[in-house]
Amino acid sequence: MTLFTPMLRHSPLTEIFSDERTLQGMLDFEAALAVACAQCGVIPESAVNAISGQCQATKLDAEALARAAANAGNLAIPLVKQLTANVKQQDEQAARYVHWGATSQDVIDTGLILQLREAFTASEALLEQLISALTVQIQQHQHSVMPGRTWMQHALPITFGLKLAGTLDALLRWQQRVHEIKPRVLVLQFGGAAGTLASLKEQGIPVTRALADTLKLSQADTPWHSQRDRLLEAGGWFAGVSGTLGKFASDFALLMQTEVAEVGEPVAEGRGGSSTMPHKRNPVSCAAILTSTMRIPGLMATLYASQNQQHERALGGWQAEWETLPQLITLTGGVMQTTLELISGMQVNSAKMRANLDITHGLIMAESVTLALAEHLGKAAAHHLVEQLCHRALDENQPLAALLAQHTDVTPHLSATQIEYLLDPQHATGSNHHFIGQVLARAAQQTRESI
């Protein structure tokens with residue numbers, strides 16, 4: 001479905017999981033295996049160059065390999081056959097030592113781990129760019145007062161900077177998590193037919209060490225052929241990042257509604273138009289992000305279901321991961337890339353944010369008045385009084401300030417100047433700036449640590 005790739009998967013992560021790179025990851029395992037076996041005296045040193053020289057995806061017939069995999073049950077079996085045939089053409093003796101001591105799942109799983117390592121690297125780079133772009137926007141809009149909304153209704157004033165800081169705060173945690181995850185996930189898979197490396201006899205562990213060193217992967221305490229928690233954890237990280245950015249896109253699209261109009265997506269020729277309505281400016285970036293984030297939970301469900309793998313090698317569960325995890329990762333890559341473009345070029349209408357605070361005639365500030373009156377009337381009485389005046393303001397289409405200034409239970413305690421101050425949203429953002437400052441400080445710290 002490459003027609004949708006520019007819309008949903010236009011990030012560096014997509015190329016990492018191309019067919020060619022998938023085959024190359026498996027071939028990188030085979031080349032490293034030959035090196036490790038030779039280092040441990042399991043195969044002749046003379047076989048290494050002949051084998052590794054043929055470990056290039058471009059030297060394989062990918063179409064024939066794919067057709068053969070339908071009968072073989074996986075890609076590794078026909079890959080090893082093609083590789084062996086290619087090596088044999090160069091060195092008949094060396095061909096005897098291709099794939100020595102390994103099983104198909106070792107090839108496929110370790111190839112996937114090598115791709116996953118690249119995917120983490122590319123994702124961390126995107127994450128750093130997102131953090132940087134958000135930091136710039138937060139600093140610019142930390143004083144842009146807007147309605148906070150709960151249950152889709154006006155609640156109390158916040159700033160757009162605080163809204164963005166919530167997203168940055170979450171992304172900083174995902175940045176910390178990926179550093180914790182990688183040592184657990186980027187682990188060699190090497191167990192042979194049943195996870196014992198019996199075919200390598202006493203050289204099983206030395207070859208494992210040499211293979212892990214060659215590929216720069218950690219060693220597992222046991223082969224993990226049917227223990228798939230590492231891949232589940234990796235998938236969970238990508239799904240979690242996409243969830244955070246999906247929430248951002250959902251909020252952004254709501255703020256773009258015609259009646260709200262507080263933000264806008266970047267402007268470009270042909271962007272967000274309609275085939276019939278010339279006036280439309282649709283939130284196309286948000287749509288692309290949400291399209292992916294709606295699919296990703298289902299892919300995570302498949303990874304969860306795939307934890308049930310029978311005995312030492314799975315029937316169905318392992319195979320279900322092959323397309324699922326790459327799809328999840330490449331969709332997340334698209335979410336990250338699209339969000340980066342959205343944040344970097346978004347339009348913010350601070351004046352409309354301020355105007356929207358006034359559409360309820362001051363009702364959004366009712367809590368401030370209630371708390372001020374509570375010092376004189378008690379909390380319950382003050383709440384009841386202000387609630388009644390709010391209902392009148394709505395029913396009679398009058399400003400709350402006018403009703404407060406006329407009420408005999410209010411005027412003995414609050415002057416017109418005090419009422420005006422209490423109803424000014426600019427004075428009611430609480431610890432907004434403290435929270436923003438904390439997040440920006442942590443972003444700066446984590447950026448320094450990553451350099």
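Student: How many nonpolar, polar and charged residues does the lining of the largest cavity have?

Tutor: In this predicted model, the lining of the largest cavity has 2 nonpolar, 2 polar and 2 charged residues. The residues concerned are Glu124, Leu127, Glu128, Gln175, Val178 and His179.

Student: Which helices supply at least two residues each of that lining?

Tutor: They are α7, residues 104-141, and α8, residues 160-185.

Student: How is such empty space found, and how many cavities of 30 Å³ or more does the search find here?

Tutor: The general idea is that rolling a probe the size of a water molecule over the atoms shows where empty space is left. For this structure, a search of the whole model returns 1 cavity of 30 Å³ or more. The volume of the largest cavity is about 30 Å³.

Student: What is the volume of the largest pocket, and which residues lie nearest its centre?

Tutor: The largest pocket has a volume of about 1,100 Å³. Its lining consists of 35 residues, and those nearest the centre are Phe17, Asp19, Thr22, Glu323 and Pro326. Two or more lining residues come from each of α1 (5-8), α3 (19-39), α5 (62-72), α7 and α12. Helix α12 contributes the largest share, 8 residues. By class, the lining of this pocket divides into 17 nonpolar, 10 polar and 8 charged residues.

Student: Both α7 and α12 appear in that list. How should one read the packing of two helices?

Tutor: Two packed helices are described by the angle between their axes and the distance between the axes. Here α7 packs with α12, residues 317-345, at an angle of about 15 degrees, and the axes are 10 Å apart. Angles under 35 degrees count as roughly parallel, and α7 and α12 are therefore roughly parallel to each other. Their crossing is left-handed. The contact of α7 with α12 involves 16 nonpolar, 8 polar and 1 charged residues.

Student: Where does the lining of the second largest pocket come from, and which element gives the most?

Tutor: The second largest pocket holds about 380 Å³ of space. Strands β1 (145-150) and β2 (153-159) and helix α10 (229-255) each supply at least two lining residues, and α10 gives the most, with 4 residues. Of the 17 residues in this lining, Arg149, Met152, Gln153, Leu254 and Leu255 lie nearest the centre.

Student: How does the lining of the second largest pocket divide by class?

Tutor: It has 6 nonpolar, 6 polar and 5 charged residues.

Conventions
Residues numbered from 1 in each chain as written. Predicted model: local features only at pLDDT ≥ 70, side-chain atom pairs only at ≥ 80, totals over all residues. Heavy atoms only, no water. 1 Å grid on protein atoms, 1.4 Å probe; cavity = no way out; pocket = protein on both sides within 12 Å on 5 of 7 lines; lining within 4 Å. Points joined across faces, edges and corners; volume = space filled by probe spheres on them. Nonpolar A, V, L, I, M, F, W, Y, C, P; charged D, E, K, R; others polar. Axes fitted to C-alpha atoms, helices over the stretch in contact; angles between N-to-C directions. Parallel < 35°, antiparallel > 145°, perpendicular 65-115°, else oblique. Left-handed = near helix turned anticlockwise from the far one by under 90°.
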